[in-house]
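The following exercises concern a single protein chain. Please examine the sequence and the coordinates before reading the solutions.

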Amino acid sequence: CHKNHNAPYKKLLINEGKDLCYLSACHTKFEQKEFIHKPVDDGKCTSCHDPHSSLNKKLLIIKEDVIINTIYRLCYQCHKPFENKPGIHKPVAEGKCDLCHNIHSSDNESLLLNAERQLCESCHLDKSKVKEHARGIEGNKHCTECHDAHYPRQK
């Protein structure tokens, strides 16, 4: 990552941003999809990862003042946290952002792992009930047109 002398970039780095991570022979480029998380697109890997050391998996940088699971704490350093109130969507309450969202990039809006309806139905197992409910909905609406995926005001 660093040269002893005459490196072209600050801190004697051999390259900058994500190019440094890929050129260092430590990481291979992951497939970038249509929607890319802004820090990834900007090449700011170090906004989430500490290249030198971390007590967390994947060298994640996490403030210790928030207690919950690792991904949740990392996401909430930039994204507004949700209040833990009755009716909160279970994955959100458990801090499992990565159950629905891909951290780096996705072919789906909001970095969702799958198309919205497919993603919702993957956990809401009573598919006959979901399909019966969806039958009354016009066209191909998304679940979130009526339901809040993070912090619903009611169950």
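Each exercise below gives a task and then a stepwise solution.

The model is a predicted one, in which local features need pLDDT of at least 70, side-chain atom pairs count only at pLDDT 80 or more, and totals for chains, interfaces and linings use all residues. Residues are numbered from 1 along each chain as its sequence is written, and side-chain values use heavy atoms, with hydrogens and water left out.

**Exercise 1. Overall architecture**

Task: State how many helices and strands the protein chain has, and in which order the elements run.

Solution.
Step 1. Take helices (H or I, at least four residues) and strands (E, at least two) as DSSP runs, numbered from the N terminus.
Step 2. The count gives 6 helices and 2 strands.
Step 3. Read from the N terminus, the order is α-β-α-α-α-β-α-α.
Step 4. Apply the burial classes: buried is under 20% relative accessible area, exposed is over 50%, and partly exposed lies in between (1.4 Å probe, protein chains only). By this criterion, 23% of the 155 residues are buried.

**Exercise 2. The salt bridge**

Task: Identify which side chains meet in a salt bridge, and classify the accessibility of each partner.

Solution.
Step 1. The criterion is a side-chain nitrogen of Lys or Arg within 4 Å of a carboxyl oxygen of Asp or Glu.
Step 2. The structure contains 1 such salt bridge.
Step 3. The partners are Lys38 and Asp42, with an N to O distance of 2.9 Å.
Step 4. Lys38 is exposed because its relative accessibility is 56%, whereas Asp42, at 39%, is partly exposed.
Step 5. In general, side chains of opposite charge can pair when their charged atoms come close.

**Exercise 3. A patch of negative charge**

Task: Determine which residues gather in a patch of negative charge on the surface, and locate Glu31.

Solution.
Step 1. A patch takes residues with over 30% relative accessible area and no salt bridge; like charges are joined within 9 Å, and nonpolar side chains (Val, Leu, Ile, Met, Phe, Trp, Tyr) within 5 Å.
Step 2. The members are Glu31, Glu34, Asp107 and Glu109.
Step 3. Glu31 belongs to the loop between helix 1 (17-23) and strand 1 (35-36). With a relative accessible area of 59%, Glu31 is exposed.

**Exercise 4. A contact of strand 2**

Task: Is Ser105 buried or exposed, and which backbone atom does its side chain reach?

Solution.
Step 1. Ser105 is part of strand 2 (residues 105-106).
Step 2. Its relative accessible area is 3%, so Ser105 is buried.
Step 3. The side chain of Ser105 reaches the backbone nitrogen of Lys33 at 3.3 Å.

**Exercise 5. Backbone angles before helix 1**

Task: Examine phi at Lys11 and at Leu12.

Solution.
Step 1. Lys11 is located in the segment before helix 1, as is Leu12.
Step 2. Lys11 is not a glycine, yet its phi is positive, at about 60°. Leu12, likewise a residue other than glycine, has a positive phi near 60°.
Step 3. Lys11 is exposed at 70% relative accessibility, while Leu12 is partly exposed at 37%.

**Exercise 6. Separation in sequence and in space**

Task: For Lys3, Tyr76 and His89, set the sequence separation from a given partner beside the C-alpha to C-alpha distance.

Solution.
Step 1. Lys3 lies in the segment before helix 1 and is partly exposed at 43%. Lys3 and Ile14 are 11 residues apart along the chain, with their C-alpha atoms separated by 6.4 Å.
Step 2. Tyr76 lies in the loop between helix 3 and helix 4 and is buried at 14%. From Tyr76 to Gly95 there are 19 residues in sequence and 9.7 Å in space.
Step 3. His89 is in the loop between helix 3 (70-75) and helix 4 (90-93) and is partly exposed at 25%. His89 and His150 are 61 residues apart in sequence and 5.3 Å apart in space.

Definitions and conventions: Areas by Shrake-Rupley, 256 points an atom, 1.4 Å probe, with all protein chains shown as cover. Lys, Arg positive; Asp, Glu negative; His and termini not counted. Charge placed at Lys NZ, Arg CZ, Asp CG, Glu CD. Polar contact = N/O pair within 3.5 Å; in protein donor to acceptor, adjacent residues only side chain to side chain.
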